[in-house]
Amino acid sequence: MLKEKGFYKGVNLGGWFSQCDYSEDRLNNFITEPDIEKIASWGVDHVRIPVDYNIVEDEKGNYIEKGFERIENAFALCKKYGLNVVFDLHKTAGFSFDFGEKEEGFFESEALQERFLRLWEEFARRFGKLHETVVFELLNEVTDKEYIGVWNKVSAECVKRIRKYAPDTLIFIGSYWNNSVEAVKDLEKPADDKIVYNFHCYEPLKFTHQGAYWTPLIKPEERVSFEDSEISAEYFEKMFAEAIKKAKEYNVPLYCGEYGVIDVVSPEDTVSWFRTINSVFEKYGIARCAWCYKEMDFGLSDKRLDGVREELLKYL
């Protein structure tokens, strides 16, 4: 279904309206029309646009009209170049996958949950008419497994609220452990036939995130080559098996909303990883969106990949 609708191969626009300093210069100039034109030339059919809540809300939850206008303009620019959009709420009041953001309390606070639900009603009211080109992703990377009960309840209510204004929009829902594919099994049965199970894949982390300074799961000084990492198609097939089974059981599409390799890894090893995971995506018809278009430690357009980009783009 996602292939036919134009959400099969994509690229993330991370760092534009999310994970940034929110300065006017960043919001206006980090991604511009030539970037969108370039992405379209890569042969992908969509982009994923992560957006933090504070682009459209102030501290009290009042809406910022200029923020909504920015999003609308981004949608229009993508449409101009034939790119559909996964609209991802990357951070909400009281929760961020990034512990450094100091957002907390969402899963314990009915008030914060209601604020989240109202925001999605507003998104649906404004953007639901764009259902042929824009889909909704409820929240990026729920972290702890203990949140799944609350998350299943909140996401179900969110779908219900959205449907009042956007009955035809596809809605992407991920699970815990930062959208781990292994946690897809604990998502609830979809409320309707326009729900998509969403996961992220940066496995094995010791390869894709080597040198990372922001996670305690990695020793920044350690290095591992593709050859020494024992990565194979079978490795990913085994990892994805339970999610594929769950998706088939409920006839739900699978979407990998983030996958990629840190810029510490050699260009050649980067291509090898993309080639390997792509073979499994293709075998099982899993739609996906690579992280990330530029910079953010994973930039696909960065100069370091100039010598291999033509080959790399075959495996998005």
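**Exercise 1. Overall build**

Take the predicted model and work out how its radius of gyration compares with that of a compact globule of 316 residues.

*Solution.* Start with the expectation: for 316 residues, a compact globule would come out near 20 Å. The protein has 18 Å, which agrees. Next, look at the box around the C-alpha atoms: along the principal axes it is roughly 50 × 45 × 40 Å. Then turn to the secondary structure, which comes to 11 helices and nine strands. Finally, check the contacts between residues at least 6 apart in sequence: 76% of them join residues at least 24 apart.

**Exercise 2. Surface and charge**

Find what share of the residues is buried, then describe the exposed area and the charged side chains.

*Solution.* First, burial: 58% of the 316 residues make the cut. Second, the surface: about 14,000 Å² is exposed, and carbon and sulfur atoms supply 47% of that. Third, the charges: count 42 positive side chains and 58 negative ones. The centres of those two sets sit 4 Å apart.

**Exercise 3. The nonpolar cores**

Work out which residues of the largest nonpolar core touch the most other members, and which helix gives the most to it.

*Solution.* A bit of background helps: in soluble globular proteins, nonpolar side chains tend to be buried together. Now to this model. The largest core holds 101 residues, and Phe116 and Phe240 are the ones touching the most other members. Helix 5, residues 110-127, gives the most to this core, with seven residues. There's also a second, separate core of 11 residues, with Leu2, Leu170, Phe172 and Tyr255 among them. To finish, zoom in on Phe240: beyond four places in sequence, its contacts are Val181, Phe199, Cys201, Ile277, Val280, Phe281 and Ile286.

**Exercise 4. Two arginines**

Are Arg161 and Arg115 buried or exposed, and what do they touch?

*Solution.* Take Arg161 to begin with. It belongs to helix 6, residues 148-163. Its relative accessible area is 15%; buried means under 20%, so Arg161 is buried. Leaving out residues up to four places away, Arg161 touches Glu114, Leu117, Arg118 and Glu121.

Now Arg115, which lies in helix 5. At 13% relative accessible area, Arg115 is buried too. Its contacts outside the four-place window are Tyr53, Glu57, Asp58, Glu59, Lys60, Gly61 and Ala93.

**Exercise 5. Odd backbone spots**

Locate the cis peptide bonds at Pro204 and Cys292, and the positive phi angles at Glu141 and Trp177.

*Solution.* Step one, the cis bonds. Glu203 and Pro204 are joined by one, with omega about -15°. Pro204 sits in the loop between strand 7 (195-201) and helix 8 (205-208). Trp291 to Cys292 is also a cis peptide bond, with omega near 15°. Look for Cys292 in the loop between strand 9 (287-290) and helix 11 (309-312).

Step two, the phi angles. Glu141 isn't a glycine, yet its phi is positive, about 50°. You'll find Glu141 in the loop between strand 5 (134-137) and helix 6, and with 7% relative accessibility it counts as buried. Trp177, another non-glycine residue, has phi near 55°. Trp177 lies in helix 7, residues 176-179. Its relative accessibility is 44%; partly exposed runs between 20% and 50%, so that is where Trp177 falls.

**Exercise 6. Sequence gaps and spatial gaps**

How many residues separate Pro167 from Asp192, and Asn198 from Ala243, and how many Å lie between their C-alpha atoms?

*Solution.* Begin with Pro167, in the loop between helix 6 and strand 6 (171-174). Pro167 is partly exposed, at 46% relative accessibility. From Pro167 to Asp192 there are 25 residues in sequence and 10.0 Å in space, C-alpha to C-alpha.

Then move to Asn198, in strand 7. Asn198 has a relative accessible area of 0%, so it's buried. Asn198 and Ala243 are 45 residues apart in sequence, with 9.9 Å from C-alpha to C-alpha.

Last step: check who surrounds Asn198. Skipping residues up to four places away, its contacts include Glu137, Phe172, Ile173, Gly174 and Ser175. Asn179, Val184, Tyr255, Cys256 and Gly257 are also touched by Asn198. Two of those names came up earlier: Phe172 and Tyr255 belong to the second core.

Technical notes
Residues are numbered from 1 along each chain as its sequence is written. This is a predicted model: local features need pLDDT of at least 70, side-chain atom pairs count only at pLDDT 80 or more; totals for chains, interfaces and linings use all residues. Side-chain values use heavy atoms; hydrogens and water are left out. Helices (H or I, at least four residues) and strands (E, at least two) are DSSP runs, numbered from the N terminus. The radius of gyration is taken over C-alpha atoms; the globule rule is 2.2 Å times the number of residues to the power 0.38. Buried means under 20% relative accessible area, exposed over 50%, partly exposed in between (1.4 Å probe, protein chains only). Contact means heavy atoms within 4.5 Å. Accessible areas come from the Shrake-Rupley method with a 1.4 Å probe; for residues, only the protein chains shown count as cover. Lys and Arg count as positive and Asp and Glu as negative; His and the chain ends are not counted. The place of a charge is taken as NZ of Lys, CZ of Arg, CG of Asp or CD of Glu. A nonpolar core is a set of buried Ala, Val, Leu, Ile, Met, Phe, Trp, Tyr and Cys residues joined through side-chain atoms within 4.5 Å.
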